[in-house]
Amino acid sequence: MVETQIRARGVRDERVLGVMGKVPRHLFVPESLRRSAYADEPLPIGEGQTISQPYIVAYMTESLALEGGEKVLEIGTGSGYQTAVLAEIAGTVFTVEIVETLARRARTVLDGLGYANIHYRVGDGTAGWPEEAPFDAVIVTAAAATLPKALEDQLALGGRMIAPVGAGAQELVLVRRERTGIRRESLLSVRFVPLV
Ligand code: SAH
């Protein structure tokens, strides 16, 4: 998976490549789909939601340029797979999921793997997690028609946010908060489930 799907497509961050080779993705997919856990595609995880394709998880993580120790906000816990990848590299991960059954299932898997640097919340992630702001990095794993303002506001100076944006056609947008203001850059066409 790492060599043919991720490194071959241009992901270069060795930290990200190492983590993608370490986190047991099969534990985050339904048992009936375990044989496909490392395939080059998103998979259904129930409640009409999906676990993102491995390459997209790696690409989005790399775009955050994490070096270790960061405070990260994730919107859309889903299976918890992206959460685990973040928790391996960053200092602390704050993750928000709107569907309670998914949040509970993800937490069970992540607790079982021993991650102690993840904080969980069930609710609408478009509001972010104001009590814990600012964040060095924000990752949104469901698409909004426009970027939620609250999430930009909770970005630290020098911080980065990656999010799929768009109603029909979507693009991954990288947002950077710099001294001179907010910079937005479109990176890649994608298809995510909608943010609700
Ligand atoms: N990173 C996850 C992706 C899950 S799909 C994974 O790889 O498994 C996107 C997730 O965002 C779904 O679980 C969905 O329920 C959740 N979601 C959608 N709208 C949301 C909102 N407003 N707040 C928080 N989570 C939301």
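In this predicted model, Val72 stands opposite Ala137 of strand β6, and the pair belongs to a contact between two strands, β3 (residues 71-75) and β6 (residues 135-140), which run in the parallel sense and are joined over four bridges. Both strands are members of an open sheet of seven strands, whose order is β5-β4-β3-β6-β7-β8-β9 and whose pairing is mixed. The sheet ends at β5 (118-122) and at β9, the edge strands, each of which pairs on one side only. Averaged over the sheet, and with direction ignored, neighbouring strands are turned by 15° against each other. Helix α3 packs on this sheet, where it touches β6, β7 (155-165), β8 and β9, and its direction makes about 165° with that of β9.

Following the sheet order to the β9 edge, one comes to an antiparallel pairing, in which strand β8 (residues 170-178) is joined to strand β9 (residues 181-190) by nine bridges. The connection from β8 to β9 is a hairpin that passes through two residues, and Glu178 stands opposite Gly181 of β9.

Strand β9 also has a part in the largest pocket, which has a volume of about 210 Å³. Its lining consists of Pro42, Thr50, Ser52, Gln53, Tyr55, Ile56, Thr141, Ser189, Val190, Arg191, Phe192 and Val193. Two elements, α3 (54-63) and β9, give two or more residues to this lining, so that the helix and the edge strand already met in the sheet packing appear again here. Sorted by class, the residues that line the pocket are six nonpolar, five polar and one charged.

A separate question is what empty space is enclosed within the model. Rolling a probe the size of a water molecule over the atoms shows where such space is left. How many cavities of 30 Å³ or more does the structure hold? The structure holds one, and the volume of the largest cavity is about 350 Å³. This cavity is lined by 30 residues, and those that lie nearest its centre are Gly76, Gly78, Glu97, Thr141 and Ala142. Thr141 is also named in the lining of the largest pocket. At least two residues of the cavity lining come from each of β2 (49-51), β3, α4 (81-89) and β4 (92-97), with β2 giving the most, namely three residues. By class, the cavity lining has 14 nonpolar, 13 polar and three charged residues.

Of the elements that supply this lining, α4 deserves a further look. Eight of its nine residues are buried, and the helix is therefore largely enclosed by the rest of the structure. The buried residues are Tyr81, Gln82, Thr83, Ala84, Val85, Leu86, Ala87 and Ile89.

The loop between β3 and α4 is the place of Thr77. Is Thr77 buried or exposed? With a relative accessible area of 5%, Thr77 is buried, because that value falls under the 20% that sets the limit for burial. When residues up to four places away in sequence are not counted, Thr77 touches Thr83, Thr95, Val96, Glu97 and Ala106. Among these contacts, Thr83 is one of the buried residues of α4, while Glu97 is one of the residues that lie nearest the centre of the largest cavity.

Technical notes:
Residues numbered from 1 in each chain as written. Predicted model: local features only at pLDDT ≥ 70, side-chain atom pairs only at ≥ 80, totals over all residues. Heavy atoms only, no water. Pairing = 2+ DSSP bridges. 1 Å grid on protein atoms, 1.4 Å probe; cavity = no way out; pocket = protein on both sides within 12 Å on 5 of 7 lines; lining within 4 Å. Points joined across faces, edges and corners; volume = space filled by probe spheres on them. Nonpolar A, V, L, I, M, F, W, Y, C, P; charged D, E, K, R; others polar. Axes fitted to C-alpha atoms, helices over the stretch in contact; angles between N-to-C directions. Contact = heavy atoms within 4.5 Å. Buried < 20%, exposed > 50% of the residue type's maximum accessible area, 1.4 Å probe, protein only.
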